[in-house]
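Subject: Structure handover and findings

Dear colleague,

Please find below the structure I am handing over to you. My findings follow directly after it.

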Amino acid sequence: MQEMLELASFRGNDDPSLVAAALACRGCLSGDVDWSLRIDDFDAEVICRCRTCGYERPVSLTSEQALRLALQDR
């Protein structure tokens with residue numbers, strides 16, 4: 001099965017509830033998600049893992065989105 005690339009759907013200045021909704025689980029739609037930020041020289045992604053069903057997925061980020069998550073309190 002080929003994995004699809006998912007792109008984050010929030011802006012850097014969006015309300016925290018919109019950021020949380022963008023990172024919610026695609027499997028069970030739970031908002032109870034742990035995430036970890038991965039940034040290298042040219043790319044950024046967040047690894048989202050659902051606490052409810054265990055579904056894990058990478059989500060590609062723009063530099064603005066990565067900065068938002070890097071500065072956000074969990």
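Val33 has Cys50 in E3 as its bridge partner. This pair belongs to the contact between E2 and E3, two strands that run antiparallel and are joined by seven bridges. Please note that the model is a predicted one.

The sheet

E2 covers residues 33-39, and E3 covers residues 44-50. Both belong to an open sheet of four strands, in which the order is E1-E4-E3-E2 and the pairing is mixed. E1 and E2 are the edge strands, since each of them pairs on one side only. In general, the strands of a sheet pair through backbone hydrogen bonds, in either the parallel or the antiparallel sense.

E3 is also joined to E4 by six bridges, and these two strands run antiparallel. Within this pairing, Cys48 stands opposite Arg57 in E4. E3 and E4 form a hairpin with five residues between them. Gly54 lies in the turn of that hairpin and has a positive phi of about 85°.

The parallel component of the sheet is found between E1, residues 6-7, and E4, which pair over two bridges. Here Leu7 stands opposite Ser60 in E4.

Strand E4 and Ser60

In a regular strand the side chains alternate between the two faces of the sheet. E4, residues 56-61, shows such an alternation. Arg57, Val59 and Leu61 point to one face and are buried. Glu56, Pro58 and Ser60 point to the other face and are not buried.

Is Ser60 itself exposed, partly exposed or buried? Its relative accessibility is 23%, and therefore Ser60 counts as partly exposed, given that the buried class lies under 20% and the exposed class over 50%. Leaving aside residues up to four places away in sequence, Ser60 touches Leu5, Glu6, Leu7, Ala8, Ala44, Glu45 and Gln65. Ser60 and Ser30, on the other hand, are 30 residues apart in sequence and 20 Å apart in space, C-alpha to C-alpha.

The loop before E2

Leu29 is located in the loop between helix H1, residues 16-22, and E2. The phi of Leu29 is near 70°, a positive value in a residue other than glycine. The relative accessibility of Leu29 is 69%, so this residue counts as exposed.

The chain as a whole

The secondary structure of the chain amounts to two helices and four strands. In sequence order these elements give the pattern β-α-β-β-β-α.

What radius of gyration would a compact globule of 74 residues have, and how does the chain compare? The expected value is near 11 Å, and the chain has 12 Å, which agrees. The C-alpha trace spans about 30 × 30 × 15 Å along its principal axes. Of the 74 residues, 34% count as buried. Among contacts with a separation of 6 or more, 45% are accounted for by residues 24 or more positions apart.

The accessible surface of the chain comes to about 5,200 Å², and carbon and sulfur atoms hold 51% of this area. The chain carries 8 positive and 13 negative charges, and the mean positions of the two groups are 5 Å apart.

With kind regards

Methods: Residues numbered from 1 in each chain as written. Predicted model: local features only at pLDDT ≥ 70, side-chain atom pairs only at ≥ 80, totals over all residues. Heavy atoms only, no water. Buried < 20%, exposed > 50% of the residue type's maximum accessible area, 1.4 Å probe, protein only. Pairing = 2+ DSSP bridges. Rg over C-alpha atoms; globule rule 2.2 N^0.38 Å. Contact = heavy atoms within 4.5 Å. Areas by Shrake-Rupley, 256 points an atom, 1.4 Å probe, with all protein chains shown as cover. Lys, Arg positive; Asp, Glu negative; His and termini not counted. Charge placed at Lys NZ, Arg CZ, Asp CG, Glu CD.
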